[in-house]
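User: Hi! Could you walk me through a helix and the core in this model?
Analyst: Happy to, here it is.

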Amino acid sequence: MRSGPHTLLPYGPETSDRVIGEDDVVVAELGSVPAVSEAGFASTLVFGQDPDKHRLALDLPRMFTACREALLADSRITGRGLHAELQALAATSGWTVAGWHCGHLVGADPSAGVGDVRPDAYICAENDRQLRRTLQGGGQAHWILEIHLVDGRRGFGGSYKRLLDLV
């Protein structure tokens with residue numbers, strides 16, 4: 001769970017405990033439910049009446065759906081292409097995409113730093129490979145989309161994470 005200013009961080013260093021406030025944003029993330037599937041989920045909850053925070057909570061699943069539709073509509077879309085799609089959706093809605101990637105191949109370590117990863121395992125600007133592809137070993141590539149949007153000026157953010165292509 002991350003709340004308040006801690007929601008600006010999509011993941012990473014442990015944050016200090018804090019009491020959830022009356023007018024707060026909370027990101028609840030459930031890790032891998034069955035350990036073998038890596039089916040993590042994250043959702044954003046809003047307490048209080050702040051219209052921008054409520055708009056964020058509504059925009060996150062809307063953008064997830066739009067990204068899924070982009071993947072299904074274009075069998076040749078690359079990690080770079082889907083990343084750019086999310087960047088454009090966020091900018092149009094007045095949000096900033098946090099983090100260097102917005103998703104990863106099932107099995108990739110989402111908390112790794114840019115220098116430690118293969119770009120083709122992430123939905124990021126550096127990935128020019130098609131997302132819909134066969135992996136070494138013959139299996140189909142499956143993706144987790146992790147959307148982290150922030151309002152840096154007001155100091156809050158939100159997340160939405162789901163399996164992208166198995167729904």
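User: How far apart are the end C-alpha atoms of α2, and what span should its 15 residues have?
Analyst: They are 21 Å apart, which agrees with the 21 Å expected at 1.5 Å a residue, that is, 1.5 Å times one less than the number of residues. Helices here are DSSP runs (H or I, at least four residues) and strands are E runs of at least two, numbered from the N terminus. This is a predicted model: local features need pLDDT of at least 70, side-chain atom pairs count only at pLDDT 80 or more, and totals for chains, interfaces and linings use all residues. Residues are numbered from 1 along each chain as its sequence is written, and side-chain values use heavy atoms, without hydrogens and water.

User: Which residues of α2 are buried?
Analyst: Gly79, Leu82, His83, Leu86, Leu89, Ala90 and Ser93, where buried means under 20% relative accessible area, exposed over 50% and partly exposed in between (1.4 Å probe, protein chains only). They sit on the same side of α2, because their arc around the axis is only 125°, taken from the directions from the helix axis to the C-beta atoms.

User: And what do they pack against?
Analyst: The buried residues of α2 pack against α1, β4 (96–97), β5, β6 and β7, with contact meaning heavy atoms within 4.5 Å.

User: What's on the face turned away?
Analyst: The exposed residues Ala91 and Thr92.

User: Switching to leucine 82, what is it in contact with?
Analyst: Leaving aside neighbours within four places in sequence, leucine 82 contacts Cys67, Ala70, Ile77, Ile123, Leu131 and Leu164.
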